[in-house]
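Reader: I would like a close look at one part of this model, namely a place where two helices pack against each other, and then a careful account of what surrounds that part.

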Amino acid sequence: MTELLSGFATALHPINLVYCLAGVILGNIVGVLPGIGAIAAISILLPLTFNLEPTTAVIMLAGVYYGAEYGGSIASILLNLPGTASNAITTLDGYPLARRGEAGLALLTAQVSSFAGGTLGIVAMVVFSPLIVSFSLSFGPAEYFATLLLGLVAGASVIGCGPLKGIAMVSIGMLFGSVGLDLNSGLPRYDLGIPNLLDGLSIVAVAMGLFGIPEVIANIRACPSGEKPIAVNARAMFSAFRRLGAIVPSIFRGAAVGGTLGPLPGAGPTIASFLAYSLERSTTRNPEEFGTGRINGVAAPEAANNAAAQTAFIPTMTLGIPGTPTMAIILGALMIHGISPGPQLVGEHPDLFWGLVASFWLGNVFLIMLNVPLIGFWARLVAVPRRFFFPVIIALVCTGVFGVSNSSFDIWLVLAMGGLGYIFRCFGFPPAPLLIGFVLGPMVEEYLRRALMISGGDYTYLVSSPTSITIHCLTAALLVWPCLRAATTRSAQPAS
Amino acid sequence: MKTLRDAGGGLLIAAIGLLFLLGAREMPLGSLRNMGPGMFPTALSVVAIIAGLAIAALEVLRNAEAAMTFDLRALACVGGAIALYAVLMESAGLLATTVIAVFLLAAAPQRFRPMETLLVGVGLSVFTWAVFVKGLGMPLSFLPDVSL
């Protein structure tokens, strides 16, 4: 408890407070604007945080991440276009409500559920993080290797693609990660005689290229949607407060689903919101009303994605394993600031960890205080034509990435990664496993080689403790499970 | 357009794996008990090649054809704008680079709006100059560097 209080002292420091506010406002904007995701926004902002203190930098980047979950629901409800992927399910009931003239109620439900879900997720983080840390402090290289391998396999089994595609993308990401000086021998790898490559590929350029650029290419020629967003004002929001009693159980159910799924690698807020919605539908006596504008159908997924966005930080901060690509970038930001992620992080940098946790809650307070009274402003922002944003994204990406090492080399790297990312997108290969492989690959190699050095090349050392055996079993289960499921569904429906 | 979508991606992955495998030939492999710098990349390249070929083979066997959209004009406009930044920004300054890049991007959609594009370009260059050069102290100039 004292740690949490000192965390609030860190988060309430004026500079941290300002950057937290800036982060959540930017995140909210990014969320309101369909087409730019939090991943692209965070990688664009990363170079701007280089001169900040690490705690301040992560506070701001995290604010962009969970702020986007708040803003995303506004576009979903008013425009029927999800601001981010995890708000897609909110359109099902949010937009019909808005069409019916109850936009204020739908928006208020989304904002209050987001706040409650986020708060419950933060409570889970406060309770469970120290437990995981105390368990994992005894980890040696073998256990680390096992945990990282689990993270890689989980990253490979992101939904929407078979395990084979995931493994292929992860290995390409790990190959990109192996560029640069080999830590053990000091020999250069894949440097092609270019000095810039000795430090490895910059995570900023890789993330911007893979997530930002393909998004622009795919959307720049899309016809502007003729739909006008539905108008709403703050008075409609305030008058809806007394009708919120009905959503309390939905919020708790949604937050439970989201809080549980958030830390699982490969799951994340999007899956959490879908599952929370289908759970919500199964708990009611008249499920056919869902999709026609029920506030429970807005409350549950919005509570779930915000809870998941917060609990996703648990494995990232306590074990150094990012479950989602956004967490991989946050991890990359920590490494850029010279902080090595892992179980020792909470012990070595308690101010960073607890300051971050406290800032989450302050950020959530900022968001709900900004969004309810200022809803008229956000609604107008939704109406800005999307064609204005593409040049802004390209300009910010190119100028920002130039600043990583003050050279045009990284702009060329963005171009190469962007082209590759677009081609992969066209082929239907998701970029998330590639980024997770890129971040975790060098760490996996380092711990494997360190473990083998300790044991003198004896591979049984890798499975010498109950902990590492358990983790390897989990990894194996994760690999086998989709294959089993595919086999059983195929035998169940032989006609398809 | 119907193409073998997964097969293309699988072959692309196998090709990248092959490039990295060729690049790893120079690096000392070491042994499995005492790995050299080349061991990990070589193993990963092999995994990528096998996985890529397996994806391609599975799709050909299943005969599953999926539609694929590939927008060459958008790719060329966006890619061209990024390349422009890489080539011009240091010598031509932010104003000229941004305006030209914004015009290139505006050539992608069907309807071209010259006045609006010019305003966006100028406004954007002032904004990036204020944030990155004034705010973060990046060594870039606003106007072309005439001393060259």
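How near do the axes of helix H7 of chain A and helix H2 of chain B come, and at what angle do they cross?

Author: The model is a predicted one, and what follows should be read with that in mind. Helix H7 of chain A, residues 163-177, and helix H2 of chain B, residues 39-62, have axes that come within 9 Å of each other and cross at roughly 150°. Because angles over 145 degrees count as roughly antiparallel, H7(A) is roughly antiparallel to H2(B), and the crossing in which H7(A) passes H2(B) is left-handed. On the side of H7(A), the residues that meet the partner helix are Leu164(A), Lys165(A), Ile167(A), Ala168(A), Ser171(A), Ile172(A), Met174(A) and Leu175(A), while H2(B) contributes residues including Phe40(B), Pro41(B), Leu44(B), Val47(B), Ile55(B) and Leu58(B). Sorted by class, this contact of H7(A) with H2(B) has 15 nonpolar, 2 polar and 1 charged residues.

This helix pair belongs to two chains that touch through 65 residues of chain B and 63 residues of chain A. Between chain B and chain A an area of about 5,600 Å² is buried, and carbon and sulfur atoms give 78% of that area. Of the area that chain B buries against chain A, 12% is supplied by Phe20(B), Phe40(B) and Ile82(B), which is more than any other three residues supply; Phe40(B) is also among the residues of H2(B) that meet H7(A). The rule finds 1 salt bridge across the interface of chain B and chain A, and a salt bridge joins the side chains of Glu116(B) and Arg387(A), with 2.7 Å from N to O.

Two helix pairs within chain A can be set beside this one. Helix H2 of chain A, residues 14-32, packs on helix H16 of chain A, residues 350-371, at an angle of about 55°, with the axes 9 Å apart, so that H2(A) is oblique to H16(A). H2(A) passes H16(A) in a right-handed crossing, and among the residues that make the contact are Leu17(A), Cys20(A) and Asn28(A) of H2(A) together with Leu362(A), Gly363(A) and Phe366(A) of H16(A). The residues of this contact of H2(A) with H16(A) divide into 9 nonpolar, 4 polar and no charged.

For helix H18 of chain A, residues 389-405, and helix H19 of chain A, residues 409-427, the axes come within 7 Å and cross at roughly 130°, and H18(A) and H19(A) are therefore oblique to each other. Their crossing is right-handed, and its contact involves Val397(A), Cys398(A), Val401(A), Phe402(A), Val404(A) and Ser405(A) of H18(A) with Asp410(A), Ile411(A) and Val414(A) of H19(A). By class, the contact of H18(A) with H19(A) has 7 nonpolar, 1 polar and 1 charged residues.

Terms used
Residues numbered from 1 in each chain as written. Chains lettered and ligands numbered in written order. Predicted model: local features only at pLDDT ≥ 70, side-chain atom pairs only at ≥ 80, totals over all residues. Heavy atoms only, no water. Axes fitted to C-alpha atoms, helices over the stretch in contact; angles between N-to-C directions. Helix = DSSP H or I, 4+ residues; strand = E, 2+ residues; numbered from the N terminus. Parallel < 35°, antiparallel > 145°, perpendicular 65-115°, else oblique. Left-handed = near helix turned anticlockwise from the far one by under 90°. Contact = heavy atoms within 4.5 Å. Nonpolar A, V, L, I, M, F, W, Y, C, P; charged D, E, K, R; others polar. Buried area = accessible area lost by both parts, 1.4 Å probe. Salt bridge = Lys/Arg side-chain N within 4 Å of Asp/Glu carboxyl O.
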